[in-house]
Amino acid sequence: MIVYSEIASIKKRIKSFNKGLTIGFVPTMGALHKGHLSLIKQAVLENDVVVVSIFVNPTQFDKKEDLVNYPNTLENDLSLLKSINCDIVFTPNQNEIYDENIKSENFDFDGLEFQMEGKFRKGHFNGVGTIVKRLFEIVTPTNAYFGEKDFQQVQIINKLVEKHKLPVNIIGCEIYREPDGLAMSSRNVRLTKKQRLAAPFIHKTLLAAKELFGTKNAAIVIDWVENEFKNHPLLKLEYFEIADEKTLKPIKKVISGQKYRAFIAIFADEIRLIDNISL
Ligand code: AMP
């Protein structure tokens with residue numbers, strides 16, 4: 001496994017590959033856990049060469065304290081990557097990616113950017129679009145892997161690729177969970193013991209909402225979920241939405257043939273967790 005931190009060096013290496021070689025790419029912000037590893041293992045199975053980037057992208061954080069508190073476990077990340085046969089790791093610093101100008105491009109994602117995470121995290125998807133487009137230019141992947149834990153992000157990246165005609169296949173990968181159902185996230189390590197014990201309630205509520213959705217209309221399901229969190233001592237609901245998987249617009253009435261998904265964001269003190277489930 002080779003680690004590059006400079007754009008010029010990784011580009012040179014990638015340019016040296018034979019034309020027919022497939023490159024699998026998994027962009028991450030580090031603090032790797034089994035959720036990340038599941039994406040990377042899939043990439044290892046499906047490609048000749050696998051590149052993982054580790055870059056905590058400042059422009060996608062709407063809150064400075066979240067950026068400052070983002071865990072950094074680089075040494076451990078590198079040994080995990082080595083153990084699962086990753087070929088290349090790209091660990092640029094901010095200057096390498098942005099020069100002096102730490103700013104996002106402005107994207108039009110046909111409205112996907114105004115739903116859910118876009119409403120609550122201003123500028124987040126412009127930051128995501130900027131970094132992913134930049135990394136795609138550098139790594140030139142055949143296949144790029146993104147987790148459905150950030151389902152809205154997967155749809156945004158699909159739109160980015162479609163609109164900018166980028167030559168890459170986007171592969172959405174299933175959410176990887178702890179045995180108690182909590183979706184794995186780099187933020188989970190920041191939870192207190194009590195919060196960690198409470199957190200599986202998020203997935204449990206999604207499962208119950210899924211069941212309810214089979215028998216009741218969306219408004220009733222939404223009310224039910226909001227009520228479940230109203231008096232929760234540790235978990236504060238930011239949003240719960242049922243949306244069309246493609247447009248991400250809130251459901252009005254069920255149309256047969258359309259796919260729907262429930263999305264949730266909660267706070268445990270200042271730690272924000274998201275999850276979703278296909279309905
Ligand atoms: P991050 O480092 O949080 O930016 O995540 C890097 C990639 O890993 C993104 O595509 C995430 O959606 C994905 N990811 C993070 N957590 C999980 C999980 N629990 N299951 C599947 N994919 C995940």
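Begin with the whole chain in view and contacts displayed: among contacts between residues at least 6 apart in sequence, 73% join residues at least 24 apart. Keep in mind throughout that this is a predicted model.

Next, switch to a cartoon representation, in which eleven helices and nine strands can be followed through the protein. If you orient the view along the principal axes, the C-alpha atoms fill a box of roughly 55 × 40 × 35 Å. The radius of gyration is 19 Å, which agrees with the value near 19 Å that a compact globule of 279 residues would have.

Now turn on the surface, where the protein exposes about 14,300 Å², with carbon and sulfur atoms supplying 51% of that area. Buried residues, by contrast, make up 52% of the 279 residues. Colouring by charge brings up 38 positive and 35 negative charges, whose mean positions are 1 Å apart.

Then hide the surface and select the aromatic side chains, among which a search of the whole structure finds nine pairs. Centre on Phe 120 and Tyr 239, an aromatic pair that is stacked, with 5.2 Å centre to centre and 25° between the planes. Because Phe 120 lies in helix H6 (residues 117-120) and Tyr 239 in strand S7 (residues 236-244), the pair ties together parts that are 119 residues apart in sequence. The two partners can also be viewed by accessibility: Phe 120 counts as partly exposed at 34% relative accessibility, whereas Tyr 239 is buried, with a relative accessible area of 7%.

As a last stop, select Phe 25, Phe 136 and Phe 146, which ring pairs link into a cluster.

Definitions and conventions. Residues are numbered from 1 along each chain as its sequence is written. This is a predicted model: local features need pLDDT of at least 70, side-chain atom pairs count only at pLDDT 80 or more; totals for chains, interfaces and linings use all residues. Side-chain values use heavy atoms; hydrogens and water are left out. Helices (H or I, at least four residues) and strands (E, at least two) are DSSP runs, numbered from the N terminus. The radius of gyration is taken over C-alpha atoms; the globule rule is 2.2 Å times the number of residues to the power 0.38. Buried means under 20% relative accessible area, exposed over 50%, partly exposed in between (1.4 Å probe, protein chains only). Contact means heavy atoms within 4.5 Å. Accessible areas come from the Shrake-Rupley method with a 1.4 Å probe; for residues, only the protein chains shown count as cover. Lys and Arg count as positive and Asp and Glu as negative; His and the chain ends are not counted. The place of a charge is taken as NZ of Lys, CZ of Arg, CG of Asp or CD of Glu. Rings of Phe, Tyr and Trp (its six-membered ring) pair if their centres lie within 6.5 Å; planes under 30 degrees apart count as stacked, over 60 as edge-to-face and the rest as tilted.
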